Amino acid sequence: MPFFIRKTNTEPKDKKRKKLLKAQSGKKKSKTSTDLTNGHTNKKTKKQKDVIDENEEILSDSDLDDDDEREANGNVRLENLLLNGEHDDDDENNIHEQRLKRAKEYIEQIAKQEQEREVDHDVVSDRLRDDVLEQAGKLHRQVASSYAEPVLLHTCRGHQQSVTCVCVSNDSKYAFTGSKDCSIIKWCLLTGKKLHLIRRIAKTDDKNERAPIVGHFDNILAITISTDGQFLVSGDKSNLIQVWNPQTCQHLKTLRGHQGPVTGLSFRRNSHQLFSSSQDRSVKIWNLDEMAYVETLFGHQEPIQAIDALMRERCITAGGRDGSLRLWKIVEESHLMFTGHKGSIDCVALINDEHMVSGADDGSIALWSVSKRRPLFNLPHAHKATSIDPSLIPASLPEDFWITSLASHRYTDLLASGSFNGNIQLWQSTPEFNHLTPLFTLAQLGFVNDLKFSSDGNYLIVAIGQEHRLGRWWTVKSAKNVVLIYKLDKK
């Protein structure tokens with residue numbers, strides 16, 4: 001009895017298996033009567049039947065399909081399935097591995113950089129935290145209290161007239177200065193030596209606006225350098241912007257467009273986007289990758305005196321006699337206006353992307369937040385005291401010493417200001433930006449036309465002149481037209 005049950009159930013199962021084999025192969029031909037009579041084929045079929053008959057389990061259709069795949073294709077189909085399954089996992093694993101590899105490389109790079117600086121604390125975690133805050137524009141490190149009084153390292157002579165502007169390379173090795181003598185000098189911060197001189201050129205009578213001009217023939221009023229050190233840019237009183245190679249000091253391009261003297265230049269950090277301000281009351285945006293003009297921003301009612309920019313795609317400008325600061329939001333195509341000074345706002349510097357400091361000709365210094373239209377703190381008569389012999393300063397100078405220059409050690413609480421009483425004042429701002437505390441007073445004679453901290457905070461570079469950078473209202477004849485390099489050492 002059991003024999004007949006097995007035989008009865010086996011025959012349809014065998015037929016079903018054959019149909020499944022044919023469907024899987026897709027290209028197999030139907031067997032002919034000659035094939036069925038072949039002895040070898042009959043033996044193979046008989047063996048398959050015997051194997052199936054001995055199995056007492058009744059397999060489901062899905063099990064049969066799986067078995068048929070193995071029978072028809074051997075191990076190839078199964079291996080393909082395994083490979084396909086692993087392929088999806090591999091893609092995801094590869095992404096994670098690449099991210100992990102990049103993160104490890106970044107951390108190793110940071111550790112190497114900080115190890116060269118001989119820092120003893122947990123530099124990697126601190127650096128990562130600072131990078132995140134810097135990207136958000138909210139980094140503010142408290143370092144001012146750790147500095148000792150700056151020491152004058154070098155007095156650099158080379159300009160024949162008042163030094164008007166200065167910039168420092170991001171690696172803190174070189175400084176570039178511009179002057180009313182229409183020349184640019186490259187200095188070594190370590191030795192104080194002059195490395196290169198870009199001389200004044202003769203003014204051409206050619207009225208062709210497209211004629212190339214490979215230098216300056218009028219007072220240089222502004223200078224800046226890109227973060228990667230690829231471009232050095234200078235602006236002059238003849239409305240021209242010149243682009244140079246900082247390594248070789250070779251001329252690259254002349255940018256035209258302003259209708260008045262170029263009073264300020266600033267690169268957006270870690271990019272080749274350039275902002276320029278002018279006495280024509282406009283701000284222009286340039287793309288130096290393409291050496292092309294992008295757009296013009298209008299809003300100020302008086303000549304713009306200064307400009308600054310940091311990480312975000314925005315810039316801050318000082319509007320001079322219109323008594324306003326304006327924050328230009330490029331992406332949003334809008335700007336914010338800030339008021340609070342009583343006099344002409346002649347200089348401005350960003351501390352981070354959320355806060356800034358400004359100075360006016362009424363002698364006041366103000367701290368600002370981009371979220372408030374009025375200053376968080378205003379210090380009047382910031383440079384009212386002087387340690388210089390009063391007889392050396394012209395009596396015609398105003399009693400309220402103008403704030404002629406400002407600098408911030410980026411993302412820290414250390415600030416510096418200059419005036420025409422010759423004093424350079426270092427300040428410490430509070431974490432809430434609601435107060436300024438004087439740290440050190442550096443006595444010098446002449447107009448402090450510009451100030452810049454090196455990115456590592458080890459140097460302060462000062463541009464000194466006998467005259468104000470924008471005019472000849474007064475002349476301090478006993479002063480020297482020099483570049484001062486101060487060494488900032490920590491306690």
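Select Ser419 first; this residue lies in strand E23. The model is a predicted one, and every stop below is a place in that prediction. Is Ser419 buried or exposed? Its relative accessibility is 0%, and because buried means under 20%, Ser419 counts as buried.

Show the side chain of Ser419 and the backbone of Trp402. The Ser419 side chain reaches the backbone oxygen of Trp402 at 2.4 Å. Next, display what surrounds the serine. Setting aside neighbours within four places in sequence, Ser419 is in contact with His383, Phe401, Trp402, Thr404, Gly446, Phe447 and Val448.

**Strands E22 and E23**

Now select 403–408, which is strand E22. Six of the six residues of E22 are buried, so the strand is largely enclosed by the rest of the structure. E22 and E23 run antiparallel and are joined by five bridges. Two of the pairs can be picked out by residue. Ile403 has Ser419 in E23 as its bridge partner, and Ser408 stands opposite Leu415 in E23.

Follow the chain from E22 into E23. The two strands form a hairpin with five residues between them. Which residue in the turn has a positive phi? Tyr411 does, at about 65 degrees.

**The sheet around E23**

Extend the selection to E24 and E25. Together with E22 and E23 they make an open sheet of four strands, in the order E22-E23-E24-E25, with antiparallel pairing. E22 and E25 stand at the edges with a single partner strand each, so one side of each has no neighbour in the sheet. From one strand to the next the twist averages 25 degrees.

**The largest nonpolar core**

Select Ile424, Leu426, Leu451, Phe453, Leu460, Val462 and Tyr486. These are the residues with the most contacts inside the largest nonpolar core, which has 20 residues. At least two residues of this core come from each of strands E23 (414–419), E24 (423–429), E25 (436–443), E26 (447–453), E27 (459–465) and E28 (482–487). As a general point, nonpolar side chains in soluble globular proteins tend to be buried together.

Centre the view on Val462. Not counting residues up to four places away in sequence, Val462 touches Ile424, Val448, Asp450, Leu451, Val482, Val483, Leu484 and Tyr486.

Another core, of 18 residues, lies apart from the largest one. To find it, select Leu325, Val348, Val370 and Tyr411, which are among its members. Tyr411 was met above, in the turn between E22 and E23.

**A second four-stranded sheet**

From Val348, move to strand E18 (345–352). E18 belongs to an open sheet of four strands, ordered E18-E19-E20-E21 and paired antiparallel. Which strands stand at the edges? They are E18 and E21 (377–379), each with a single partner strand, so one side of each is left without a neighbour in the sheet. The twist here averages 20 degrees from one strand to the next.

Step across this sheet one pair at a time:

- E18 and E19 (residues 355–360) run antiparallel and are joined by six bridges. The bridge partner of Val348 in E19 is Ser358.
- E19 and E20 run antiparallel and are joined by five bridges. Val357 stands opposite Leu367 in E20.
- E20 and E21 pair in the antiparallel sense over three bridges. The bridge partner of Ala366 in E21 is Asn378.

Stop at the turn between E19 and E20. These strands form a hairpin with four residues between them, and Gly363 in the turn has a positive phi of about 85 degrees.

Then select residues 365–369, strand E20. Five of its five residues are buried, so E20 is largely enclosed by the rest of the structure. In a regular strand the side chains alternate between the two faces of the sheet. Ile365, Leu367 and Ser369 point one way from E20, while Ala366 and Trp368 point the other way; all are buried.

**The whole chain**

Zoom out and colour by secondary structure. The chain has six helices and 28 strands. Of its 491 residues, 47% are buried. Among contacts with a separation of 6 or more, 51% are between residues 24 or more positions apart. Switch on the surface to finish: the accessible surface of the chain comes to about 26,100 Å², and 49% of it belongs to carbon and sulfur atoms.

Methods: Residues are numbered from 1 along each chain as its sequence is written. This is a predicted model: local features need pLDDT of at least 70, side-chain atom pairs count only at pLDDT 80 or more; totals for chains, interfaces and linings use all residues. Side-chain values use heavy atoms; hydrogens and water are left out. Buried means under 20% relative accessible area, exposed over 50%, partly exposed in between (1.4 Å probe, protein chains only). Contact means heavy atoms within 4.5 Å. Accessible areas come from the Shrake-Rupley method with a 1.4 Å probe; for residues, only the protein chains shown count as cover. A nonpolar core is a set of buried Ala, Val, Leu, Ile, Met, Phe, Trp, Tyr and Cys residues joined through side-chain atoms within 4.5 Å. A polar contact is a pair of N or O atoms within 3.5 Å; within protein, one must be able to donate a hydrogen and the other to accept it, and residues adjacent in sequence count only if both atoms are side-chain atoms. Two strands pair if DSSP finds at least two bridges between them. Axes are lines fitted to C-alpha atoms, for helices over the stretch in contact, and angles run from 0 to 180 degrees between N-to-C directions.
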